[in-house]
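Student: I have a protein chain to look at and don't know where to start. Could you walk me through it?

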Amino acid sequence: MGKINKDKIVQSVPQRGFFGQPKGLFTLFFTEFWERFSYYGMRALLLFYMYDQIVNGGLGIDRDIATSIMAVYGALVYMTGVIGGWIADRLLGTQQTIFYGGILIMIGHIILAMPMAVTGLFLSILFITIGTGLLKPNVSSVVGDMYSEKDTRRDSGFSIFYMGINMGALIAPFVVGTVGQEYNYHLGFSLAAIGMLLGLILFVVTRKKYLGLAGTYVANPLDDGERKTVFKRFGIGAVIVAILLVITIPTNILTITTFTYLVSFLGIAIPTAYFIVMYKSPRTDEVERSRILAYIPLFVASMVFWAIQEQGSIILALYAKERTELSFMGIDLYASWFQSLNPLFIIFLAPVFAAMWVKLGNRQPSTPKKFSLGVIFGGISFMVLIFPAMINGTETLVSPLWLVLSFFLVVLGELCLSPVGLSATTKLAPAAFSAQTMSLWFMSNAAGQAVNAQIVKLYDPSTEIVYFGIIGGIAVLAGIVLFAFSKKIQVYMRGVL
């Protein structure tokens with residue numbers, strides 16, 4: 001296949017109509033809105049559903065195991081994004097990959113909406129993790145396809161798209177969480193399935209009219225020989241996995257506990273292998289090797305940050321249900337509602353941070369210093385939760401404002417680190433590994449959650465001072481060390497700011 005003509009693709013997209021952006025942004029905005037609605041709605045309920053008593057409609061899973069499953073779930077979602085990118089680039093194109101991803105996500109939510117007990121839980125995890133891996137990275141890719149390289153609307157278009165992501169995440173816990181906790185878990189999960197269905201319907205109905213050729217091409221298609229080899233290897237791999245499952249599950253070699261250890265190992269091993277391959281590749285020159293070395297401490301800092309941020313839907317969800325006074329100013333609260341705080345703060349603060357960096361111009365902190373600030377804020381967001389326990393003990397309920405403060409602080413860290421990390425990844429990536437390096441950035445989240453799969457089991461109200469103190473303290477210390485070495489890292493970045 002010849003080189004993709006980007007100008008032809010852009011010309012095929014209706015160029016005005018959605019806040020002055022290409023009309024296709026309407027399609028992608030609401031597709032991602034409903035996908036995030038379904039995903040964050042499900043996450044707002046899932047932990048409570050797993051460890052709640054069977055008589056209350058839950059699964060009665062041990063709480064420590066349930067928290068590990070939540071962390072593994074999040075890690076797998078980010079790991080499968082690598083698969084989604086490969087399928088879009090080599091087999092289906094991004095539009096088709098998005099569609100099939102949405103189908104799998106919807107099936108996963110439908111399974112959760114049915115009373116299938118633990119079997120249904122693990123089937124839903126399989127469908128939703130693979131589906132999200134197919135859909136999520138490719139929606140962003142199609143957004144980029146709609147703009148030419150010189151189109152000045154690109155950044156504002158991504159900003160509008162980012163708002164769609166967070167609006168879906170903001171609304172979901174109030175709708176899905178309330179129904180699930182007030183009436184029935186399965187009814188709540190069914191609303192998540194309906195949300196994804198709405199997103200799919202809108203995508204199918206509007207994509208031909210609004211998206212044009214964007215996302216319809218296969219960037220690097222497999223030839224006939226490669227296709228046969230890939231399918232053969234996939235088939236052999238599937239048979240081997242099936243045999244291993246048949247042998248290890250009945251003999252209790254593969255249990256939930258051993259599976260969490262496996263995912264934790266992969267969460268660290270995969271990015272380590274990525275770094276080694278890129279650094280030693282003959283296609284990587286001296287400058288690019290230097291930049292890879294600079295990227296490693298940024299990756300580790302990101303992993304530390306995400307390990308804290310992603311506990312918002314695990315440990316802080318437990319904290320909301322078990323340690324927080326669920327009444328404020330005469331209003332009864334649901335524990336699931338606190339999951340809306342992160343997207344709420346991002347919606348309000350993201351424009352503030354964007355304007356601040358523009359205002360500072362050349363005076364703004366360097367990339368390593370922004371990362372260090374992000375990790376420090378993440379650590380402080382945990383450390384503030386020490387104080388209510390120190391003041392009133394761990395036997396009394398605390399004001400919900402402590403949780404609000406914790407979520408606020410971690411969002412400050414996220415806005416220092418996450419968008420900066422995306423930008424730095426594109427600048428530091430070796431030319432021959434540009435796509436893989438972006439996958440590596442998302443693996444920092446997977447690695448953080450892989451670590452979480454082991455440490456979240458250590459949380460208990462009686463040990464929360466130690467838990468929040470040690471994890472928060474490690475993050476703050478890591479941020480301080482990164483700040484101290486920021487100038488040295490900047491040298492290795494070879495001109496990248």
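**Two odd phi values and the overall fold**

Tutor: Let's start with a loop: Met329 sits between strand 1 (327–328) and strand 2 (331–332). Keep in mind that this is a predicted model.

Student: Is Met329 buried or exposed?

Tutor: The cut-off for exposed is over 50% relative accessible area. Met329 has a relative accessible area of 74%, so Met329 counts as exposed.

Student: What is the phi of Met329?

Tutor: Most residues other than glycine have a negative phi. Met329 isn't a glycine, yet its phi is positive, at about 55°.

Student: Which helix holds Ala117, and how accessible is Ala117?

Tutor: Ala117 belongs to helix 5, which covers residues 117–145. Ala117 also has a positive phi, near 55°, and isn't a glycine. Partly exposed lies between the 20% and 50% cut-offs, so Ala117 counts as partly exposed, with a relative accessibility of 43%.

Student: Zooming out, how many helices and strands does the protein chain have, and why call it as compact as a globular protein of that length?

Tutor: The protein chain has 18 helices and two strands. For 497 residues the globule rule gives 23 Å, and the chain comes close to that, so it is as compact as a globular protein of that length: its radius of gyration is 22 Å.

Student: What share of the residues in the protein chain is buried?

Tutor: Buried means under 20% relative accessible area. Out of the 497 residues in the protein chain, the buried share is 51%.

Note on methods. Residues numbered from 1 in each chain as written. Predicted model: local features only at pLDDT ≥ 70, side-chain atom pairs only at ≥ 80, totals over all residues. Heavy atoms only, no water. Helix = DSSP H or I, 4+ residues; strand = E, 2+ residues; numbered from the N terminus. Rg over C-alpha atoms; globule rule 2.2 N^0.38 Å. Buried < 20%, exposed > 50% of the residue type's maximum accessible area, 1.4 Å probe, protein only.
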